[in-house]
Amino acid sequence: MSDKTNTPKDTHYAKLRRAYRDEKSGGAPAFRPRQPVPPGENAADGLVRLYGLHTVRAALDNPRRKIRKMLVTRNAAERLEIADLAALPFKTELVEPRDIDKITGSDAVHQGVLIEAEPLKPKRLDALGDARLVLVLDQVTDPHNVGAILRSAVAFGAGALITTARHSPQESGVLAKSASGALEHIDQIEVKNLADALGQLHEAGFRTIGLDSDAPAELEKSFAGEKIALVLGAEGKGLRQKTRETVTTLARLDMPGAIHSLNVSNAAAISLYVARTFLKRG
């Protein structure tokens, strides 16, 4: 074992030697950033592609989810605790991450697993059952926001998410990834006419509260009864006029700071927490 140590002089000459070699060979190798991979073709008609560890794990555990195919890396299979891929009741392929990149695009955080499955069928409004807290979205179209709202809805025990058949995002990989598995844990109800649906909620005993940053009443002071439906509008334009006229009341989140409005998914999370706190007292 050598006890020789490098001196500043040794380091200096080492740098000179490397520079000389680089000059003779045409220069140091240039840094080549990884080229982005665009998404591939869409899934076959009637199927959606879902990806990510939490999303896929929740889908695997959902008996209502009909999975047709899975692409998974060895590492992801271990993290999903799938010991025998051949034992799964659908086609499964062991692949490399780049194989999934070619399908989702390299910007998607797929974590080494992707499934092709049938979308979950939306339920009817009369399937609410004994739910005491529901969320209603008035034309919220951003799948990232809807996914985040689904996650909060499940976390705070909401019984359903009600959306309109038009001007709402369809089930997709982006929405499911943002929901982080919540897509499989809450009833999604699709209605054609939101005003009519709000009327049905009133008949079922719900107090419908529309979130509006300019409303005169604070949300905490707007609760009453044993059933609450929180109604949130699209980013920017908020609730439509017909919706504002139909809800039981309009309310705002009291924000003493310089900014008086929140991203719709953040507003949903806070509103759900406040509503759940009220219902627990009853």
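Q: Let's start with helix α2. What do the buried residues of α2 pack against?
A: One thing first: you're looking at a predicted model. In it, the buried residues of α2 pack against strands β1, β2 and β4, along with helices α3 (74-79) and α6.

Q: And which residues are buried in helix α2?
A: A residue counts as buried when its relative accessible area is under 20%. In α2, which covers residues 53-61, that picks out Leu53, Thr55, Val56, Ala58 and Ala59. When you look at a pattern like this, keep a rule of thumb in mind: an α-helix has 3.6 residues a turn, so residues three or four places apart point the same way.

Q: Okay, let me zoom out. How many helices and strands does the chain have?
A: There are 9 helices and 10 strands. The chain has 282 residues, and 41% of them count as buried. About 16,700 Å² is exposed by the chain, with carbon and sulfur atoms supplying 49% of that area.

Q: How do I read a sheet? Take the one with 4 strands: in what order do they come?
A: Here's the general idea: strands of a sheet pair through backbone hydrogen bonds, either parallel or antiparallel. In this case the order is β1-β4-β2-β3, the sheet is open, and the pairing is mixed. At the edges you'll find β1 (48-51) and β3 (91-94), each of which pairs on one side only. Ignoring direction, neighbouring strands here are turned by 15° against each other on average.

Q: Can we look at one pair up close? How many bridges join β1 to strand β4?
A: β1 and β4 (residues 113-117) are joined by 4 bridges and run antiparallel. For a spot to click on, try Val48, whose bridge partner in β4 is Ala117. You can also look for helix α4 (residues 97-104), which lies across β1, β2 (67-72) and β4 and runs at about 45° to β4.

Q: What about the sheet with 6 strands: is its pairing parallel or antiparallel?
A: Parallel, and this sheet is open too, with the order β7-β6-β5-β9-β8-β10. β7 (187-191) and β10 (249-251) have a single partner strand each, so one side of each lacks a neighbour in the sheet. The average turn between neighbouring strands is 25°, direction ignored.

Q: Over how many bridges do strand β8 and β10 pair?
A: β8 (residues 207-211) and β10 pair in the parallel sense over 3 bridges. One pair of residues to look at is Leu211 and Ala251, with Ala251 standing opposite Leu211 in β10.

Q: Which strands does helix α5 touch when it packs on the sheet?
A: Helix α5 (residues 143-155) touches β5 (133-138), β6 (160-164) and β7, and its direction makes about 170° with that of β5. Then there's helix α7 (residues 194-203), lying across β5, β6, β7, β8 and β9 (228-233) and running at about 165° to β5.

Q: Which residues have the most contacts inside the largest nonpolar core?
A: Those are Leu150, Leu219, Leu230 and Leu232, in a core of 49 residues. Helix α9 (residues 264-281) gives the most to this core, namely 7 residues. Now follow Leu232: apart from neighbours within four places in sequence, Leu232 is in contact with residues including Leu135, Leu137, Leu211, Val264 and Ala268. There's a second, separate core as well, with 20 residues, among them Ala131, Val136, Leu198 and Leu250.

Q: Back to α9: how far does it reach from its first C-alpha to its last?
A: α9 has 18 residues and spans 26 Å, close to the 26 Å expected at 1.5 Å a residue. Its buried residues include Val264, Ala267, Ala268, Leu272 and Leu279. Among the elements covering them are β5, α5, β8 and β9.

Q: Last one: what's the sign of phi in His167, positive or negative?
A: As background, most residues other than glycine have a negative phi. His167 has a positive one, near 60°. You'll find His167 in the loop between β6 and α6 (173-179). With a relative accessibility of 43%, His167 counts as partly exposed. Ser180 also has a positive phi, about 50°, although it is not a glycine. Ser180 sits in the loop between α6 and β7, and is partly exposed at 23% relative accessible area.

Note on methods:
Residues are numbered from 1 along each chain as its sequence is written. This is a predicted model: local features need pLDDT of at least 70, side-chain atom pairs count only at pLDDT 80 or more; totals for chains, interfaces and linings use all residues. Side-chain values use heavy atoms; hydrogens and water are left out. Two strands pair if DSSP finds at least two bridges between them. Helices (H or I, at least four residues) and strands (E, at least two) are DSSP runs, numbered from the N terminus. Axes are lines fitted to C-alpha atoms, for helices over the stretch in contact, and angles run from 0 to 180 degrees between N-to-C directions. Contact means heavy atoms within 4.5 Å. A nonpolar core is a set of buried Ala, Val, Leu, Ile, Met, Phe, Trp, Tyr and Cys residues joined through side-chain atoms within 4.5 Å. Buried means under 20% relative accessible area, exposed over 50%, partly exposed in between (1.4 Å probe, protein chains only). Accessible areas come from the Shrake-Rupley method with a 1.4 Å probe; for residues, only the protein chains shown count as cover. The expected span of a helix is 1.5 Å times one less than its number of residues.
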